[in-house]
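I opened this entry to look at the inside of one chain. I wanted the empty spaces on record before the packing.

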Amino acid sequence: MRGFLASSVGVTCAAALALPLTLPATPAKAGPSTLTSEAAAPGSTQSLPLVPLTRKRSLGPAAPTQGLARRNVRPFSLVGVVWDDPGSELNGRVQVRTRAAGTGDWSDWQDVEAHNDEHAADPDTAESASSRVHGSTAPLWVGNSDGVEVRVEAERAARDAGEAPEPEDDAGDGPEDRRAAAPAAATLPGGLRLELVDPGGGPPSRDARTAGRAGGAPSGLRAKSVHPGVTEGGGAKATVVPALSREETVRTYFSDGTAQRRTTPYIGPRPRIITRHGWGANENLRERGFLYTKTVKAAFVHHTASGNKYSCSQVPSIIRSIYRYHVVSSGWRDIGYNFLVDKCGNIYEGRAGGVAKAVMGAHTRGFNTNSMGIAVIGTFGATKPTDAALKAISRLTAWKLGLYGANPRGKTYLKSAGGNLYRKGKNVRLNVISGHRDGFATECPGRLLYGKLGSARTTAARYQGR
């Protein structure tokens, strides 16, 4: 193998596409932040403090309820709620209504997933301990909007009104969801704010059209790509990492060494991946430098919980919004996921540092070391994932896990960094392709996506030639 798994010093070049490069033996230290002012960055974030809302006496004893009455705001497309202390949970219900720009129509009330702390950097890491980090809900994609109304009810208020959502029945799908039922809360976290994210302008229109179709650029479009085996550097701005056949993939990543010439490695063909430049990432938002771990032993599958009402042509805007929400609103160093997948089967580069490298993400609290996170854009508690999305998961894991010698149908051990399922330091036996709920007590990636992971493991192994 051409030095791909050799140890070396962490790389901190600005290349978005570090392909067959030497991997670091120890995590690289993060460099200084390069956060820019909101005025200087494409897109914007409106942060509106929530205020107490009154409650009719006929509804019973008052419990904390905060929110905002209907109001006009600058255009936005994604919403979320954040609060000051990342260690505090929002035990309650978050709902929003939005007004569509252009038509003036108001949506029905939509629930925002309040429990989002399981998507985060590992405890006791610099990213987790940063003073910039806030508690946050999951983001919700609402499309181009210019009006908003929000209410946040403490758990007791939601129960008294009989509005608490029913938990999903996950029997037989994996470990029992051990999240303790929230007590009848009398308080909400301090500093609640509504975050309204405008994704801003994206890449050139040809890139947006390319991003909406899986399997290659549409006829007549010439999306710039990186040649197999060549590292992007300097001012090069590639929009896609091109797909390779299995034979080309083996030659690209395993071309050197006598042992490798005698034995064909188990690795799937490299899928086409839309780069950060391809979806229009503003690299001035994230922190400078990259964090790496030693290897990639497992892949955790997630859903973004941002809703299913989107077209694939909107996905670059959705990812730009999630990226901005993770960095500007939640205070993370970069988007949390290593990769994202849409309903059309397109694969997108997530956290910066190189699509082929062991980049440390902030996706599965307690198990970010030696793993990667793949988020399917959508919510899959009651909605089935598309066949295209499942195929993309299989193709991506067959390639990326194959680079590190992992069998998609196998088991592996990861050491817990601490969470609500496993104590810090415990070696946990997990599926090489796991759902988020396997490492943390959460509904993620949704019951219906979680139930498809068995077939994804089988398909990925087949792509590897097993």
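**Cavities, then core**

I counted the enclosed spaces and got four cavities of 30 Å³ or more. I note here that the model is predicted.

I took the largest cavity to begin with. Its space comes to about 80 Å³. I listed the lining: Pro 42, Pro 199, Gly 201, Trp 279, Gly 280, Ala 281, Asn 282, Leu 285, Arg 320, Tyr 323 and Arg 324. I sorted these residues by type and found six nonpolar, three polar and two charged. I also asked which helix gives the most to this lining. It is α7, residues 315-329, with three residues.

I went on to the second largest cavity. About 70 Å³ of space lies in it. Its lining consists of Val 296, Asn 338, Phe 339, Glu 349, Arg 351, Gly 354, Val 355, Lys 357, Val 359, Ser 371, Met 372 and Lys 400. By type, I have five nonpolar, three polar and four charged residues here.

**Phe 339 and the core**

Phe 339 was on that second lining, and I met Phe 339 again in the core. The largest nonpolar core has 37 residues. Phe 339, Trp 399 and Leu 403 are those with the most contacts inside this core. I checked which elements supply at least two core residues each. They are the helices α4 (246-253), α8 (387-403), α9 (447-450) and α10 (453-463), together with the strands β13 (298-303), β14 (339-341) and β16 (371-376). The largest share is that of α8, with nine residues.

I then listed what Phe 339 touches, leaving aside neighbours within four places in sequence. The contacts are Ile 273, Ile 347, Tyr 348, Glu 349, Gly 350, Val 355, Met 372, Gly 373, Ile 374, Ala 375, Leu 396 and Lys 400. Among them, Glu 349, Val 355, Met 372 and Lys 400 also stand on the lining of the second largest cavity.

**Helix α4**

I looked at α4 next. Which of its residues are buried? I found Thr 249, Val 250, Thr 252 and Tyr 253. These lie on the same side of α4, because they cover an arc of only 165° around the axis. I followed the buried residues outward and saw that they pack against α8. I then turned to the face away from the buried side, where Glu 247 and Arg 251 are exposed.

I close on α8: α8 gives the core its largest share, and the buried residues of α4 pack against α8.

Terms used. Residues numbered from 1 in each chain as written. Predicted model: local features only at pLDDT ≥ 70, side-chain atom pairs only at ≥ 80, totals over all residues. Heavy atoms only, no water. Core = buried A, V, L, I, M, F, W, Y, C linked by side-chain atoms within 4.5 Å. Buried < 20%, exposed > 50% of the residue type's maximum accessible area, 1.4 Å probe, protein only. Helix = DSSP H or I, 4+ residues; strand = E, 2+ residues; numbered from the N terminus. Contact = heavy atoms within 4.5 Å. Arc of directions from axis to C-beta. 1 Å grid on protein atoms, 1.4 Å probe; cavity = no way out; pocket = protein on both sides within 12 Å on 5 of 7 lines; lining within 4 Å. Points joined across faces, edges and corners; volume = space filled by probe spheres on them. Nonpolar A, V, L, I, M, F, W, Y, C, P; charged D, E, K, R; others polar.
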